[in-house]
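Got your viewer open? Let's take a short walk through this model, one selection at a time.

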Amino acid sequence: MQWSLATVLFALATSPAAGQCLSPLAAPGSDDPGFGWSAAIDGDRLLVGTVAHDRAYVFERSPTGWDLDAVLESGITLDPPVTINVALVGDTAFVASRRWSATVWAIYVYERVGASWTQTDALYPPAPYNVLGDAMDVEGDTLVVGADRAAGSGRAYVYVRDAGTWTLDAVLQASDGSQDDRFGAAVAIDGDRIVVGANFADLGAQSWVGKAYVFERTGSAWTETQVLVPTQSQHSGAGSAVDVRGDTLVVGAHNDSPAATSHPGAAHVYEYDGAVWQHTAELFDPAALAHGRHGQAVALVDESNLLVGAPLRDVGTQSEAGRVYEYARVGTTWQSNGWHAGPDPFAGQAYGSSLAWDGTTLVVSNASAQLPPVEEIYVSGIAVGQRYCPAQPNSTGSPGRIDAFGCDELLFGQLRLRADNLPAGQFGYFIASRTQAQSPGPHGGVVCVGGAVGRFNRPQDIVVGPTGSLIVDLENIPIFPPVAVQPGDTWNFQCWFRDVAADSNYTDATSITFQ
């Protein structure tokens, strides 16, 4: 059924999403005010910042949850800095810090070598400006950093890694920038494209309307290609949050006033037609009559699915408990998948203040702009499924093991599989079926799936021991022809691998019923 946008938004205002698949994660040891003010996720690693201290926590995902791996601190004892932002890519962590009295801002770079994290670099803003780190995003060897008070109007700095060293590659600024625009309040990178928000930019006589700027990289040069003005409503704050994936871009305007309402906020969606970015949707909650801050945080799950934080939206009788709204594009229309609140919502929780997403795992913060003593965040991507069909020991002396991480709800459309205890250097691939089995493999091990079996054996899907992982696109299980997982389906997953002692072997299996 095709709904009009107005109908969808009315349904959104009254219909919470089916579930959450989120678990709280608290500061280890003792309470740490500001824990979760910023967070970044990459695969099985999570980095959490604490705005009240010079400290960031690294967690590693295990089958039973998230285990503390390290506490990153700069070691500065004189006028110690406080953490304001974090970013993460692979074995590299970035912690943006500032020292108030000395007005020194820096991004401390940490590398994981073996089992230890070591500070390897410190990135400082280029002279004559001394601020940076208001926003950060990283992809591969490119880091973009917002500095929304640099040069009066704001700047964004692009750093690239070459031979293990991070160096300043470009300084981005608005072509039409003015004093106090806050260019750099939000940044996002996807491939050779960067989007920068300037949420205090004026539009004629309308103050603080906000804008977003798109930059494209050609060769080694970054060029501004388009200026986006999602709204003309005064004080909208467009550009307070941005995200981009492929040909879809979203701009949060957390104080926008759509449909004659009083500043509840909105998220504006743009789509690239091959030449320019076209404004295709304005997403808001018409039942939020005032100041829900819808659009304070945005995260594109992919080009057709979007999450929007509204941290000051009421939940029942709990004022400003906060919500995360879920949207999907169906054809050419963006529709609602409802909303969800935090576990056990309470007044002032501010759930949805920030969002981090890496392809399978969502991190939601409840750190509000008023900076309460935040002590936990909420993380999806926990272990899901029921294990069955024990595996036989392989040449390592232990049986292979499979774990599934993600969510059994189909909103996110993806799942992460991980196989452990595989023989080092031996290759394998994951398999899937709707049917369980338990029979001897033709060349060793136990086969735990039967019937029509999908094999994730494309070159990019092959895993190599001792540990391998795969992000599964649940809309394309590789049975021939490929099939999409439907709500109510039960699917079974296993990993086949070459073994030294026997020609082949298998891990155990896991079974997941999707909602």
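**Stop one: a tryptophan and its neighbours**

Select W491 and show what surrounds it: W491 touches A432, S433, R434, I477, I479, V483, V485, T510, S511, I512 and F514, leaving aside residues up to four places away in sequence (contact means heavy atoms within 4.5 Å). Before going on, know that this is a predicted model, where local features need pLDDT of at least 70, side-chain atom pairs count only at pLDDT 80 or more, and totals for chains, interfaces and linings use all residues. Residues are numbered from 1 along each chain as its sequence is written, and side-chain values use heavy atoms, with hydrogens and water left out.

**Stop two: the core**

Now add L415, F430, V472, I477, F493 and F514: together with W491, they touch the most other members of the largest nonpolar core, which has 23 residues. (Such a core is a set of buried Ala, Val, Leu, Ile, Met, Phe, Trp, Tyr and Cys residues joined through side-chain atoms within 4.5 Å; buried means under 20% relative accessible area, with a 1.4 Å probe and protein chains only.) Colour strand 39 (490–498) next, since the largest share of this core, 4 residues, comes from strand 39. (Strands are DSSP runs of E, at least two residues, numbered from the N terminus.)

**Stop three: the cysteines**

Pick C389 and C448, joined by a disulfide with S to S 2.0 Å (a pair of cysteine sulfur atoms within 2.5 Å). C389 is in a loop and C448 in strand 35, so the link ties together parts 59 residues apart in sequence.

Last, click C495: why no bond here? Its sulfur is 11 Å from the closest cysteine sulfur, in C448, which is too far.

Conventions: Buried < 20%, exposed > 50% of the residue type's maximum accessible area, 1.4 Å probe, protein only.
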